[in-house]
Amino acid sequence: MQKREQGKSGGAAGGNAAPPPKRGRPFGSTAASMASASAADSVAPSTLLGPSLQIHNSFSVEQNNRRIVLALQSGLKSELTWALNTLTLLSFKEKDDMRKDACLAKIPGLLDALLQIIDDWRDIALPKELRKGHRARTLGANSVVTGFGNEYEALGTNTLLPQLGLGSGSSATELTGQKNTSKRRRSEWWLDEDGLFNLDDEGRAEKQQCAVAASNIIRNFSFMPENEIAMAQHRHCLETVFQCIEDHIIEDEELVTNAIETIVNLAPLLDLRIFSSPKPSYIKITEKRAVQAIMGMLGSSVKAWHCAAAEFLGRMIINPDNEPLLLPFVPQMYKRLVDILSLQAFDAQAAAIGALYNLVDVNMDCRLKLASERWAVDRILKVIKTPHPVPEVCRKAAMIIEHLASDPQNRTSLLAYENAFAEILFSDGRHSDTFARILFELTSKPNNKIAAARGIWGM
């Protein structure tokens with residue numbers, strides 16, 4: 001389930017170093033390392049960090065789909081390891097034939113089984129006083145030992161029953177007392193914090209790894225177009241990822257990252273009204289809680305999180321069904337997005353510009369307030385002047401200013417930047433047309449008395 005060491009295989013592929021693979025992508029997925037991947041199939045890997053699995057080319061998901069789902073539902077460590085490794089490699093591989101077989105529609109019950117692993121971890125992840133509700137345990141309920149943690153030692157310590165044939169001096173009273181003690185110990189496994197299914201630290205860490213691996217697989221599935229509709233309409237899936245995002249302060253960072261990336265991929269098809277639909281609910285997430293969870297991520301100091309949250313909000317606001325649910329949070333959104341523009345990271349600036357571009361396009365109130373927001377126009381102009389390495393980001397930044405200039409109430413505040421607009425008009429041919437329209441909007445309208453008096457750009 002853990003990623004293999006990179007680097008030892010990079011030198012064998014050729015003189016040039018291979019580009020870094022995508023996050024979490026296993027060995028052999030990039031073009032430069034495909035040559036060494038075939039050699040790795042024939043020998044046991046010695047540089048792996050944890051359990052791994054190499055799938056033969058003849059492996060068929062259609063023939064093993066029932067086995068995969070049953071392995072995930074078993075709760076046994078060995079079965080979970082096999083199923084999670086298999087699904088991880090199938091979902092990460094860039095071979096079309098492998099990824100097509102990993103479609104959720106071809107494996108009934110797979111998504112629910114993966115979500116159950118995450119839910120099972122979240123049931124034991126929080127202290128008792130912070131738990132949000134009791135859920136009947138289903139994973140491993142019929143097994144004496146599941147294989148997680150030190151359950152073998154616990155079982156061996158507490159199940160030593162006295163043997164009647166050993167020692168003739170043992171009294172019936174002592175035997176009765178030992179039996180009662182054994183029975184009491186076995187019953188305490190279900191009640192005490194250190195019982196059989198209340199795992200030790202090692203067992204909890206292994207459960208956490210399984211939950212992270214399951215969330216990683218769900219994230220990978222969200223990249224496949226054939227899975228997007230099914231996942232965007234799956235209420236349990238959305239409730240689980242939004243709850244992980246909501247608890248990002250105390251939840252595993254990798255689990256939260258996988259959750260936020262999953263909903264970013266599903267954002268174009270996501271309708272927040274699903275949380276008030278008659279579909280069965282598992283966690284009772286409401287539309288307001290979902291948006292508040294994303295706003296919490298937007299305010300996070302972790303770059304990957306606030307960038308993903310900005311991208312998600314930008315995609316959600318263009319859906320007319322989601323717009324009424326997001327409008328109460330618009331003032332917080334654009335203020336935080338303006339703050340993100342001050343960061344030196346190009347990907348953060350791109351995410352903020354993309355979200356602001358959609359916000360000002362669909363919301364008039366945002367156009368009015370953004371123009372008067374301190375540093376907003378300065379930071380948008382800085383993205384254009386620097387310039388940002390992605391030309392599309394610069395184009396959207398210029399279009400944001402054009403949207404602001406189209407509103408008559410913003411002309412007075414934007415005229416303070418007339419010289420900056422004129423400088424870009426004459427120095428940057430890529431945006432000269434846009435800024436010519438901006439200056440025309442600001443100075444040539446007959447109802448603009450200040451522009452008529454100045455008469456510099458009038459026609």
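**Exercise 1.** In this predicted model, the second largest cavity has a volume of about 50 Å³; work out which helices supply at least two residues each of its lining, and how the lining residues divide by class.

*Solution.* Begin with the residues themselves: the second largest cavity is lined by Leu 115, Ile 118, Ser 215, Ile 218, Thr 240, Val 241, Cys 244, Leu 255, Ala 259 and Thr 262. Next, place these residues on the helices, which shows that at least two lining residues come from each of helix H6 (110-125), helix H9 (201-222), helix H11 (235-246) and helix H12 (253-266). Finally, sort the lining by class, and the result is seven nonpolar residues, three polar ones and no charged ones.

**Exercise 2.** Decide how helices H4 and H9 are oriented towards each other, and state the handedness of their crossing.

*Solution.* Two packed helices are described by the angle between their axes and by the distance between those axes. For helix H4 (residues 77-92) and H9, the axes come within 9 Å and cross at roughly 25 degrees. Angles under 35 degrees count as roughly parallel, and H4 and H9 are therefore roughly parallel to each other. The crossing of H4 and H9 is left-handed.

**Exercise 3.** Locate Ala 230 in the fold and determine whether Ala 230 is buried, partly exposed or exposed.

*Solution.* Ala 230 belongs to helix H10 (residues 225-232). Its relative accessibility is 43%, and since buried means under 20% and exposed over 50%, Ala 230 counts as partly exposed. As a last step, consider Ala 105, which is 125 residues from Ala 230 in sequence, although their C-alpha atoms are 8.1 Å apart in space.

Key: Residues numbered from 1 in each chain as written. Predicted model: local features only at pLDDT ≥ 70, side-chain atom pairs only at ≥ 80, totals over all residues. Heavy atoms only, no water. 1 Å grid on protein atoms, 1.4 Å probe; cavity = no way out; pocket = protein on both sides within 12 Å on 5 of 7 lines; lining within 4 Å. Points joined across faces, edges and corners; volume = space filled by probe spheres on them. Helix = DSSP H or I, 4+ residues; strand = E, 2+ residues; numbered from the N terminus. Nonpolar A, V, L, I, M, F, W, Y, C, P; charged D, E, K, R; others polar. Buried < 20%, exposed > 50% of the residue type's maximum accessible area, 1.4 Å probe, protein only. Axes fitted to C-alpha atoms, helices over the stretch in contact; angles between N-to-C directions. Parallel < 35°, antiparallel > 145°, perpendicular 65-115°, else oblique. Left-handed = near helix turned anticlockwise from the far one by under 90°.
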